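This briefing introduces a structure to a reader who has not met it before. Please look over the sequence and the structure, and then read the notes on charged pairs and their surroundings.

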Amino acid sequence: MTDKLNELTAAGVAVWLDDLSRVRLSSGGLDQLRREKHVAGVTTNPTIFAKALSDADEYNWQLRDLATRDVDVEEAVRMLTTYDVRWACDVMRPSYDGSDGVDGRVSIEVDPRSAHDADKTVAEAKALWWLVDRPNLYIKIPATEEGLSAITDTLAEGISVNVTLIFGLDRYSAVMEAFLAGLEQAKANGHDLSKIGSVASFFVSRVDAEVDKRLEKIGSDQAKSLRGKAAVANAQLAYERYTEVFASDRWKALAAAGAHPQRPLWASTSTKNPDYKDTIYVEELIAPGTVNTMPESVVNAYADHAETRGDTVTGAYDAARKVFADLESVGVDLADVIATLEREGVEKFEVSWQELLDGVTKSLKAAAQGTGAPNKAAKGNAKAADKAGGA
């Protein structure tokens, strides 16, 4: 039987999992995906953590301890999430070591409420880096205008960064500039550039969801014929910019000092429209030196019925530009699409963060009242994590 995920990896795409939970960790499920499905990294976000903490009693023992200490909810959230991420870093460590620090990374996001406050973002990035204390950690920083300087300043501290919520080409260029500046400052500060990693998370399916909505509203046959084309074209043109920046003399100087390139990461790769093939945002975005982070459903779908056709990006730039021109010609304002998606992206994560805070608040109260007592299995999992270095 053909190992389709191995074919994808061989084509230069690192397969990462867009999910994490303590159940996945304690059951050995994450390690199984690493060993059997070529999963080489993990991404998280506030939505993922909100769901994980609401679905399982694996957190009860820790919630009981946190309630006993009478910690506030903000600290509790950080203790709960960094525990999971630290454990995941240890699970993924073989991938990190086997790839000379390129893969095997696990991401944790700064508080999205600080997305427009650069100083707060950097301060929290430093705190999370210290709390998790693993070399294969990524700190996720949103690519807002204010986030650009935070990206540079965080990298300058020797901290690895996953830049998230990138939707537009111009913002992506600014992110790569922030990355280069950050590495130059890190080098000046005496940091080993070979130890600093970064990816730029370019969101995909949300672009189609927003553009398709506008095309439906326009309603013409020409407009409807463009549905499902914007997201892939956008990402393909982003890769073109990536190849230009990382062929420059400026980058070559950093590479000579041991730096790894900031890889494009395709995020939001599950289809929002059931009429589209469930692996479209993987199959159509195969290119060397990229990452595709997928929910497990997409990982399994790719393994089952996807087609790896080699590089589907590099030769598609002109076709992608035509898609953009056609969209503009029927009345789609792409600049407004990107601005809307960035604003809504930050807002959605802020809502998820609040849901996470609210859920943990309720759980802490239940634990304090004795209605959320830890179970034996959770205690055993905690001991196993401690033994593995996940505490």
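**Charged pairs and one alanine**

R321 is partly exposed, having a relative accessible area of 37%. This residue belongs to a predicted model, and a search of that whole structure finds 28 salt bridges. The points below take up some of these pairs, then a shared network, and finally an alanine.

**The pair in helix α17**

- D318 forms a salt bridge with R321, and the closest N and O atoms of this pair are 3.1 Å apart.
- Both residues lie in helix α17 (residues 317-329), where D318 and R321 are three residues apart and are therefore separated by about one helical turn.
- D318 has a relative accessible area of 59% and is exposed, while R321, at 37%, is partly exposed.

**A network of shared partners**

- E210, K213, R214 and D336 are joined into one network by salt bridges that share partners.

**The pair in helix α3**

- D31 forms a salt bridge with R35, with 3.0 Å between the closest N and O atoms.
- Helix α3 (residues 29-36) holds both D31 and R35, which are four residues apart, or about one turn of the helix.
- D31 counts as partly exposed because its relative accessibility is 24%, which lies between the 20% limit for buried and the 50% limit for exposed.
- R35 is likewise partly exposed, with a relative accessible area of 49%.

**A pair between two helices**

- E184 forms a salt bridge with R250, and the closest N and O atoms are 2.7 Å apart.
- Because E184 lies in helix α10 (residues 169-188) and R250 in helix α14 (residues 249-256), the pair ties together parts that are 66 residues apart in sequence.
- E184 is partly exposed, with a relative accessible area of 32%, and R250 is also partly exposed, with a value of 31%.

**A320 and its surroundings**

- A320 is found in helix α17, the helix that also holds D318 and R321.
- Is A320 buried or exposed? With a relative accessibility of 1%, A320 counts as buried, because buried means under 20% relative accessible area.
- When its neighbours within four places in sequence are left aside, A320 is in contact with A233, Q236 and L237.
- The C-alpha atoms of A320 and L215 are separated by 17 Å, and these two residues are 105 residues apart along the chain.

Methods
Residues are numbered from 1 along each chain as its sequence is written. This is a predicted model: local features need pLDDT of at least 70, side-chain atom pairs count only at pLDDT 80 or more; totals for chains, interfaces and linings use all residues. Side-chain values use heavy atoms; hydrogens and water are left out. A salt bridge is a side-chain nitrogen of Lys or Arg within 4 Å of a carboxyl oxygen of Asp or Glu. Buried means under 20% relative accessible area, exposed over 50%, partly exposed in between (1.4 Å probe, protein chains only). Contact means heavy atoms within 4.5 Å.
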